[in-house]
Amino acid sequence: MPKAKVTFQDIGVTVTVPAGTRLIEVSEKVGAGITYGCREGECCTCLTKIVSGGEFLAPPSILEDQVLKDNMAPRGHRLACQAQIIGGDIVVKPA
Amino acid sequence: MAAAALTDRAVEIAPGVHWVGALDPHLRSFDIILKTANGTSYNSYVVRGENGVAIIDTVKENFADDFFRRLESVARYDEITTIVLNHLEPDHSGALPELLKRAPQAKVYLSSRAQMMLKALLKPSGEKPPEYIPVTTDDEVDLGGRTLRFLHTPYLHWPDTQCTYLVEDGLLFTGDIFGCHFCDNRLFNDTVGDFRFSFEYYYAHIMRPFREYVLDAIALIEPLAINLIAPAHGPILRHAPRDYVHRYRELATPRLFNEARSEKTLVVFYISAYGNTRRMAESLAAGAESIGGVRVSLYDLEGGESGIFTDLIEEADGLAFGSPTINADAVKPIWDVLSSLTTVNIKGKLGAAFGSYGWSGEAVRLIEDRLRGLKMRVPVEGLRIKLVPDAGELEACRDLGEQLARHLTGKVEHREIDMAALA
């Protein structure tokens, strides 16, 4: 299975993950500072800054796009409960 | 509530501005979490301009009749051009679906984050949502000779909240901020009974978890010329309104000067039946202290009260909880503390758990789950030690303290791990 690397900049941890993993599946296990509310892409609690490698995340769904817009999220931000890693090296930190 | 009955008519609070809210004197608890010894009020306002009429917030659904009777005493529905929603919680939006039916031409002004809530609110009616316009700080609506200007003040106490300023009159409609659950038909702060306790109780239970946002809002509000503050609950503040702004600034500011301001703070709470979890706590604290840049405090939960602990927790950067496992659970004083934190903001604080156990040792994992549920980060796996910690195990506690201190001070070394290795 293709692998990817995601680095949680706030805690200095890089995790090798299988492609298809969502950020939420990793960030809590390593204790990163990204926090969660609804876990369903609605509340925007888990807004995350994509420091680099945003192109290695699957594009946001219509729902995620709308939530990001409604919450005035700056460019380069995603919802960690929705963002799916598809490969490459990604660096993230809490918004 | 004062004995004299309020009429069904609107009450003028400034020329061309009326209160059209409702009184709920018999309510005894609000949102389950708040006691309301003399009830509450749901304040709604009407502002008349030369070219239109604005309604600012509505009331709880079961009080809609009161609201509409008072509204009809000062405005026709076809005059309403503008509906401002400062906060969409049901006690302020309950009459909105009916108002939209009666004034379908009105445009709705609300914060960006309120849009999804509006859609959710109107779901049961099955009606097409009204024309709504998301607004932010300095956006304005011209009513003809009167201007409504919006202030983006989120998280007071929901993400959707905003304030609305009537520029020419210096009136500030604030939603829940500066409000309180206090029902008195004399309406104004210089005529109602003593509501000071209610004002502070409301802050402590509703606004305190969002004190950083309170301070952001105060920074927007303080430069305004304010003649009157019209909150969505409780007395209308027409006498010395700025005093209430000052008081909010005081309430939202940390109470004591922080001697450790240049350092991070770690508070270690523990409770111990036979001294084993206590020894773990002491070793953890010593380890954290050894790193430098972290000031550690050690508290035995048996020797304190939950209110004091809540204050400590609000101010701390990191929190470690030590509990023995008794009957497959952490002990009640731990849960008492961890269930009393809804009045403070602990999101993103560093958390950790540890404890001695005899049989199965579930407490540590249960505490960690709770800390994550409270939106704390738990970067270091907790430590469970069977019964009496030996020298090596106490060293592991010390190491846990060192790791926590490194995380607090940003001294953690970069690690690379495989997801398969994560539990």
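The legends below describe close-up views of a predicted model with chains A and B.

**View 1. Chain B as a whole.**
Chain B has 423 residues, of which 46% count as buried. Its secondary structure consists of 12 helices and 22 strands. Taken along the principal axes, the C-alpha atoms of chain B fill a box of roughly 80 × 50 × 40 Å. Among contacts in chain B between residues at least 6 apart in sequence, 73% join residues at least 24 apart. The average pLDDT of chain B is 94, and 97% of the residues score at least 70. For the model, ipTM is 0.89 and pTM is 0.87.

**View 2. The largest nonpolar core.**
This core holds 74 residues. Those that touch the most other members are B:Tyr45, B:Val46, B:Val47, B:Ala54, B:Ile83, B:Leu172 and B:Ala230. Helix H5 of chain B, residues 196-207, gives the most to this core, with 5 residues. Another core, of 45 residues, lies apart from it. Members of that other core include B:Ile291, B:Phe321, B:Ala353 and B:Phe354. In soluble globular proteins, nonpolar side chains tend to be buried together.

**View 3. The surroundings of B:Val46.**
B:Val46 is one of the residues that touch the most other members of the largest nonpolar core. Leaving out residues up to four places away in sequence, B:Val46 touches B:Ala10, B:His18, B:Val20, B:Val53, B:Ile55, B:Leu71, B:Val74 and B:Ala75.

**View 4. Strand S20 of chain B and its neighbour S19.**
Strand S20 of chain B covers residues 350-357, and 8 of its 8 residues are buried, so the strand is largely enclosed by the rest of the structure. On one side of S20(B) are B:Leu350, B:Ala352, B:Phe354 and B:Ser356, all buried. On the other side, B:Gly351, B:Ala353, B:Gly355 and B:Tyr357 are buried as well, and both faces are thus covered. B:Ala353 and B:Phe354 are among the members of the core of 45 residues. S19(B) pairs with S20(B) in the parallel sense over 5 bridges. Within S20(B), B:Leu350 is the residue that stands opposite B:Gly318.

**View 5. The contact between chain A and chain B.**
Here 19 residues of chain A are in contact with 23 residues of chain B. On the side of chain A that touches chain B, the elements giving two or more residues are strand S2 (13-18) and helix H1 (23-30) of chain A. The largest share of that side, 5 residues, comes from S2(A). By type, the residues of this side of chain A divide into 8 nonpolar, 8 polar and 3 charged.

**View 6. Strand pairing across the two chains.**
S2(A) pairs with strand S22 of chain B, residues 415-418, in the parallel sense over 4 bridges. Two residues of chain A can be followed to their bridge partners in S22(B): A:Thr14 has B:Glu416, and A:Val15 has B:Ile417.

**View 7. The sheet that includes S22(B).**
An open sheet of 6 strands runs in the order S4(A)-S3(A)-S5(A)-S1(A)-S2(A)-S22(B), with mixed pairing. At the edges stand strand S4 (77-79) of chain A and S22 of chain B. Each of these has a single partner strand, so one side of each is left without a neighbour in the sheet. Direction ignored, neighbouring strands of this sheet are turned by 35° against each other on average.

**View 8. A cis peptide bond in chain B.**
B:Leu156 and B:His157 are joined by a cis peptide bond, with omega about 10°. B:His157 lies in the loop between strand S13 (147-152) and strand S14 (162-166) of chain B.

**View 9. Two loop residues with positive phi.**
B:Ala240 is not a glycine, but has a positive phi of about 50°. B:Ala240 sits in the loop between strand S16 (228-231) and helix H7 (241-252) of chain B. Its C-beta has 11 other C-beta atoms within 10 Å, so B:Ala240 is exposed. B:Asn327, also not a glycine, has a positive phi of about 55°. The loop that holds B:Asn327 lies between strand S19 (318-322) and helix H10 (332-338) of chain B. B:Asn327 has 8 C-beta neighbours inside 10 Å and therefore counts as exposed.

Key: Residues numbered from 1 in each chain as written. Chains lettered and ligands numbered in written order. Core = buried A, V, L, I, M, F, W, Y, C linked by C-beta atoms within 7 Å. Buried ≥ 20, exposed ≤ 12 C-beta atoms within 10 Å, placed from the backbone. Contact = placed C-beta atoms within 7 Å. Nonpolar A, V, L, I, M, F, W, Y, C, P; charged D, E, K, R; others polar. Pairing = 2+ DSSP bridges. pLDDT = per-residue confidence, 0-100. Axes fitted to C-alpha atoms, helices over the stretch in contact; angles between N-to-C directions.
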